[in-house]
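Work through the two exercises below with the sequence and the model at hand, and check each step of the solution before going on.

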Amino acid sequence: MHFEVWAPQAERVTLHGAGVTGALERDRDRPGWWAGQADATDGTRYGFALDDGPVLPDPRSRRQPDGPDGLSAVVDHRRYAWRADWAGRGLTGAVLYELHVGTYTREGTLDAAAARLGHLAELGVTHVELMPLCPVPGRHGWGYDGVSLWAVHEPYGGPEALKRFVDTAHEHGLGVVLDVVHNHLGPSGNHLSAYGPYFTDTHHTPWGSAVNLDAPGSDEVRAFLIGSALAWLRDYRVDGLRLDAIHELHDQRALPFLEELSAAVDGLAGQLDRPLFLIGESDLGDPRVVTPRAEGGLGLHAQWNDDVHHAIHAAVTGERQGYYADFARAPLAAVAKTLTHGFFHDGTFSSFRDRHHGRPLDRTRVPAHRLLAYTQTHDQVGNRAQGDRLSASLSPGLLACAATLVLTGPFTPMLFMGEEWAAGTPWQYFTDHTDPGLADAVRKGRRREFAAHGWAEEDVPDPQNPATRERSCLDWSEPGTGHHARVLAWYRELIALRRARTDLQDPDLAAVRVAYDEEARWIAYRRGDLRVAVNLSGAPVSIPLGRPVAQVLAAWDPVELPVSDGTLTVPPESSVIAVAP
């Protein structure tokens, strides 16, 4: 088997594995690379020693059976026999579902999650978006402190379990999206700096030195990240990638890394003859992120749009703190602006940032399906002090209203696991750091962060306490009972309606027409021949739809057809979707 590693600063590189120790040779055609041959098969453990130092895992390790600090293991991807004949599933018309493997079930494994995919097929979503799967210290964590960017966390089941999960998802007709983190690596088990200039002090991020995308040696770092991305899409048959916090990818080169990555993914899609896509998490408010490369953009296929979340959250909860402040001044106006223009901050002043932010989105060039809309995500739930979901404070009716705004809007909808049945479990921040000093620092930092906002220390869950993760696991006895069952039925009805009615999939923002009454707390909008009316108030309201309605397609509470002038009376905390003649 051929072994190779990039270690440009080393004078000697030794391969250790399978009971053999041997020196690698410099690759004359690739500066900084070392290569050699050794007998190995699937599962063979190995590592590299630089200049007779300690044996380290391979930066491109496909498997870390003993955790981030252990030896790497060879993975022969040809051994897995794929079952599903999968042609791929693109983003157009999609409904995504964000899922954390470690808390989707109490078992916390990919196989256990795969056994629950039938629920998602019945729900009607089209893609499962898995939170990061790269190895992290210990057993449980969110995944954003991962290292070994080509490997699968062993407690989840390792590489074979991910293949089984993807295969099962495809058999259910579900695409799979994987969340990948290129903007930093975790502080524990990260050995990249020993090999080469993977990080640079030219830029800094909230996690420290930035990943090196533009300093000396950055060609190889880019190739490392792009190779990892393509491996997930090729070797595991994943359909798309979600790129974490792309605003922390600091890059001043003429050819941006993200543009290079999107070109590589599009090239692979052509080779594999199936659609592949990239979704960015972006705080930039910049339409160039999702503008095609040929038109001067970065070429990502979609991005998360927090502006939609903030507007809906402010409207249904009344919260005004932090970044909600600008949206809370006139929350229904904020919802209306996002429904028709995509971004709320499109060059406007952001009080949270104390500066102007964003730029306008060209509605004639950017289809709305390139923006993801949601009312809950792992960030927006888990980064609250107690990880409380909307269901902890809102009535089922208001939850249904929030769902209506997302699932009948012009954007690509995304749900967060358990949202569809108003899960009663929180989703809290949890870690399993094996380094006592790091564990204590994370615990104290979390409590200090929320103490600044008035929280008592004892009210902020300890991330290292196993009970924090246990509390965050979904309770699968809930979906069939009480108000949980009613909310779940509403989500299923809305998703089915979205699939059946092409007007609800129209990505033309300029075609959306909105009316609202901030004081009376109602909003209504037109999607082709459909009319959507949402009443957030605690009393019935009469909403003018502009023309008579032929049929009510869906209603959280029963309603009568509107009178001849098109006025519809909507019950309190309720929503209606109707069709005009």
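Axes here are lines fitted to C-alpha atoms, for helices over the stretch in contact, and angles run from 0 to 180 degrees between N-to-C directions. Helices (H or I, at least four residues) and strands (E, at least two) are DSSP runs, numbered from the N terminus. The model is predicted, with local features needing pLDDT of at least 70 and side-chain atom pairs pLDDT 80 or more, while totals for chains, interfaces and linings use all residues. Residues are numbered from 1 along each chain as its sequence is written, and side-chain values use heavy atoms, leaving out hydrogens and water.

**Exercise 1.** Determine how α12 and α15 pack against each other.

Solution. Helix α12 (residues 396-407) and α15 pack at an angle of about 15°, with their axes 10 Å apart. That angle is why α12 counts as roughly parallel to α15 (angles under 35 degrees count as roughly parallel, over 145 as roughly antiparallel, 65 to 115 as roughly perpendicular and the rest as oblique). Next, take the residues in contact (heavy atoms within 4.5 Å): among them, Leu399 and Ala403 belong to α12, and Trp490 and Leu494 to α15.

**Exercise 2.** Describe the sheet that contains β21, and place α15 on it.

Solution. Five strands, in the order β21-β22-β23-β27-β25, form an open sheet with antiparallel pairing (two strands pair if DSSP finds at least two bridges between them). At the edges lie β21 (513-517) and β25 (551-555), each pairing on one side only. The twist from one strand to the next averages 15°. Between β21 and β22 (residues 522-527) there are five bridges in the antiparallel sense, and Asp517 stands opposite Trp522 in β22. Finally, helix α15 (residues 482-500) packs on the sheet, where α15 touches β25 and β27 (574-579) and its direction makes about 135° with that of β25.
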